[in-house]
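Here is a short tour of a ligand site and a small piece of strand pairing. Have the structure open as you read along.

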Amino acid sequence: MPTNEPSTIDLFTPLALGDLTLPNRIVMAPLTRNRAGPGNVPTALNAEYYVQRASAGLIISEASQISPQGAGYPATPGIHSDEQVAGWRQVTDAVHAKGGRIFIQLWHVGRISHPSMQPGNALPVAPSAIQPAGEAVTYTGMQPFETPHALASEEIPGVIADYIAAAQRAKDAGFDGIEIHSANGYLLDEFLRDGTNTRTDAYGGSIENRMRLLDEVVTAVSTVWPTRAIGVRLSPENRFNDIRDSRPQATFEAVVDMLRGHQLAYLHMVEGDMLGEERQVDYPELRRRFGGLYIANNGYTRASAEQVLQQGDADMVAFGRLYIANPDLPERFAQGASLNTPDPDTFYGGDARGYTDYPTL
Ligand code: PHB
């Protein structure tokens with residue numbers, strides 16, 4: 001069990017994660033790349049991209065919508081149709097054949113969508129009718145966000161049912177586990193944080209109420225997967241997608257106390273703010289309270305990753321940008337080799353260029 005005590009663990013110390021043995025503690029972070037095929041179905045190119053990164057201790061797939069309503073960006077993969085399951089199957093089979101391990105990240109974008117991305121051109125859904133600042137990425141370019149439809153209490157069971165169906169499809173698709181995306185301003189995070197949740201029913205108000213939906217979703221997917229194969233991602237003070245909480249430390253202490261009771265595979269933490277605000281949250285304290293395996297994420301380098309492991313403040317470290325450009329990141333770290341530089345122009349959308357053509361050593 002994690003102790004927050006100094007340790008001699010490094011990135012290459014193997015780790016038991018549920019039924020899996022990870023050969024290293026280097027995690028490929030979930031990365032939206034907008035290269036799924038028609039019908040939001042994963043393709044052979046997507047399989048090649050993941051296979052190239054199979055030496056990661058664990059791959060966490062790009063965020064994948066649980067339902068058509070859960071989509072908010074072009075060409076992101078889904079996990080709600082039989083065709084998508086078949087597409088993902090070629091990814092998981094290829095990663096496993098290469099000796100790798102892969103979880104799928106289950107996503108509902110909530111209000112970070114646009115009617116043109118929604119079934120029947122409906123409004124995106126959210127805990128409360130609060131319009132995000134900024135613009136949605138749509139198939140016809142950037143368009144201003146609209147004020148979302150506040151989910152009625154009676155609509156929430158349908159969202160939970162979509163999580164259960166997606167969890168089952170993830171199993172059919174051959175994944176090793178699932179990660180519930182409750183970070184970065186998407187639906188579950190919108191319920192957690194008081195800047196986006198002003199509900200007056202059982203899902204709003206007190207933090208106990210605001211975290212009810214996440215608790216119910218974790219309980220629901222636990223009927224499909226053992227909890228040792230379920231992770232959760234949080235981002236207590238990330239402002240990305242125009243979200244905030246008035247008391248992030250207190251809110252997320254309550255959230256991790258609740259998650260502790262679920263005996264999960266891991267807690268995956270986007271530490272700090274992607275937009276550059278200074279850190280206020282005490283992450284070692286959140287980790288201590290959670291009591292299980294902790295993945296640190298957000299801007300880590302090899303040196304800062306080794307440091308957080310040696311301080312005893314994390315068990316694994318997830319790398320995003322470095323994994324875009326370095327398919328053989330563990331080998332490069334092991335050899336102290338130089339790293340390829342990621343090209344932001346090819347992060348989102350396009351073809352093999354900037355996706356599967358970064359060189360290995
Ligand atoms: C993105 O598409 O930019 C994106 C998706 C999921 C995240 C963060 C960013 O969690």
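## Polar contacts to the ligand

In this predicted model, H181 places a polar side-chain atom 2.7 Å from an oxygen atom of the ligand. N184 offers a similar view: one of its polar side-chain atoms is 2.6 Å from a ligand oxygen. For T32, the distance from a polar side-chain atom to an oxygen atom of the ligand is 3.4 Å. Each of these pairs falls within the 3.5 Å cut-off for a polar contact.

How much of the ligand does the protein bury? On its own the ligand exposes 280 Å², and the protein buries 85% of that area.

## The shell and its pocket

Let's step back to the whole surroundings. T32, H181 and N184 are joined around the ligand by Y73, W107, Y186, F240 and Y348. How does this shell divide by residue class? Its residues split into 5 nonpolar and 3 polar, with no charged residue.

As for the place where the ligand sits, the space it takes up is the largest pocket.

## A hairpin to look at next

Now turn to strands β7 and β8, which cover residues 135-138 and residues 141-144. The two strands pair in the antiparallel sense, over 4 bridges. If you would like one bridge to find on screen, start from E135, whose partner in β8 is P144.

How many residues lie between β7 and β8 in their hairpin? There are 2 residues between the two strands.

Technical notes: Residues numbered from 1 in each chain as written. Predicted model: local features only at pLDDT ≥ 70, side-chain atom pairs only at ≥ 80, totals over all residues. Heavy atoms only, no water. Near = heavy atom within 4 Å. Polar contact = N/O pair within 3.5 Å; in protein donor to acceptor, adjacent residues only side chain to side chain. Areas by Shrake-Rupley, 256 points an atom, 1.4 Å probe, with all protein chains shown as cover. 1 Å grid on protein atoms, 1.4 Å probe; cavity = no way out; pocket = protein on both sides within 12 Å on 5 of 7 lines; lining within 4 Å. Sits in = over half its atoms within 2 Å of the grid points. Nonpolar A, V, L, I, M, F, W, Y, C, P; charged D, E, K, R; others polar. Pairing = 2+ DSSP bridges.
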